[in-house]
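Welcome! Take a moment to look over the chain and its fold before reading on.

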Amino acid sequence: MQNKESFVGNPTSAQEGFTKIYADGNPPWEIGKPQPPFIEAADKVTGPVLDSGCGTGNSSLFFAARGLKVTGIDFVEEAIRLARAKAAERSLSVEFLVKDAMTLGDWDERFASVIDSGLFHIYSGDERQRYIQGLAHVLKPGGRLFLFSFSDKLPPEMGGVSKQELYDIFAKGWDIESLQLVQGELNPAFAEEFSDWSPNGDPKMWFAIIRRKE
Ligand SMILES: C[S@@+](CC[C@H](N)C(=O)[O-])C[C@H]1O[C@@H](n2cnc3c(N)ncnc32)[C@H](O)[C@@H]1O
């Protein structure tokens with residue numbers, strides 16, 4: 001079993017680690033489409049949409065193809081370059097920006113929905129608090145966060161969150177409308193390397209719909 005650090009070497013920052021993964025090509029999470037729960041919940045997602053930590057834009061492009069106004073942000077330039085190329089190839093209009101999700105609190109943009117497919121669980125402690133405050137800042141009152149995150153059913157080194165942690169983190173100013181353990185999909189190239197948290201077997205990811213209170 002490898003954790004994030006072991007497959008990116010020993011990065012001095014999360015940004016450096018993710019930049020290296022994209023430079024190596026074919027990241028473990030790259031499945032060429034949104035994670036399945038976003039497709040199932042698609043009718044509940046309204047625009048404008050922010051895809052936070054959008055990677056190469058698989059979720060952004062899916063919702064843009066459904067006619068929604070979408071902005072995708074990622075702090076890795078190569079991810080955004082690939083996302084823009086996919087949008088051009090599919091003649092879809094999405095605003096893809098190189099932007100650090102830790103700066104959401106300083107942004108003037110406002111969204112009806114935020115998608116987080118695999119970003120939230122990367123951070124802990126103060127960084128997680130800052131990120132959540134930023135999400136509350138960019139979401140319109142009554143807007144929804146659609147969250148796909150590692151759960152504590154995964155090996156501990158993956159840093160997944162427990163149900164109680166989620167309720168504690170979103171206790172003030174938020175309403176968890178639904179929370180379920182779901183299957184995630186993984187880049188097939190990593191099926192062996194990540195066999196103990198692969199999608200087979202019990203669901204080990206959270207999918208939550210969380211409303212920012214008015
Ligand atoms: C696990 S990947 C998921 C990518 C994409 N959402 C998907 O589902 O395919 C997490 C993404 O978050 C990005 N990321 C991590 N920390 C970030 C930050 N502080 N600001 C913006 N992007 C960040 C990484 O570069 C990476 O593309």
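Here are some questions and answers about this predicted model.

Q: In what order do the seven strands lie in the open sheet?
A: The strands pair in a mixed way, and the sheet they form is open. From one strand to the next, the twist averages 15 degrees. Reading across the sheet, the order is E3-E2-E1-E4-E5-E7-E6.

Q: Which strands stand at the edges of the sheet?
A: A strand at the edge has a single partner strand, so one side of it is left without a neighbour in the sheet. That is the case for strand E3 (95-98) and strand E6 (174-182).

Q: Which residue in E5 does Val114 stand opposite?
A: Strand E4 covers residues 111-117, so Val114 belongs to E4, which runs parallel to strand E5 (residues 139-150) and is joined to it by six bridges. The residue opposite Val114 is Leu145.

Q: Which helix lies across E1, E4, E5 and E7?
A: Two helices can be placed against the strands here. Helix H5 (residues 77-89) packs on the sheet by touching E2 and E3, with its direction at about 165 degrees to that of E3. The helix lying across strand E1 (49-52), E4, E5 and strand E7 (205-212) runs at about 140 degrees to E5, and is H6 (residues 125-138).

Q: How many residues of the shell around the ligand are nonpolar?
A: There are 20 residues around the ligand, and Gly53, Gly55, Ala101, Ser117 and Gly118 come nearest. Helix H2 (14-24) and strand E2 (70-74) each supply at least two residues of the shell. Six of the shell residues are polar and two are charged, while the nonpolar ones number twelve.

How values were computed:
Residues numbered from 1 in each chain as written. Predicted model: local features only at pLDDT ≥ 70, side-chain atom pairs only at ≥ 80, totals over all residues. Near = placed C-beta within 6 Å. Helix = DSSP H or I, 4+ residues; strand = E, 2+ residues; numbered from the N terminus. Nonpolar A, V, L, I, M, F, W, Y, C, P; charged D, E, K, R; others polar. Pairing = 2+ DSSP bridges. Axes fitted to C-alpha atoms, helices over the stretch in contact; angles between N-to-C directions. Contact = placed C-beta atoms within 7 Å.
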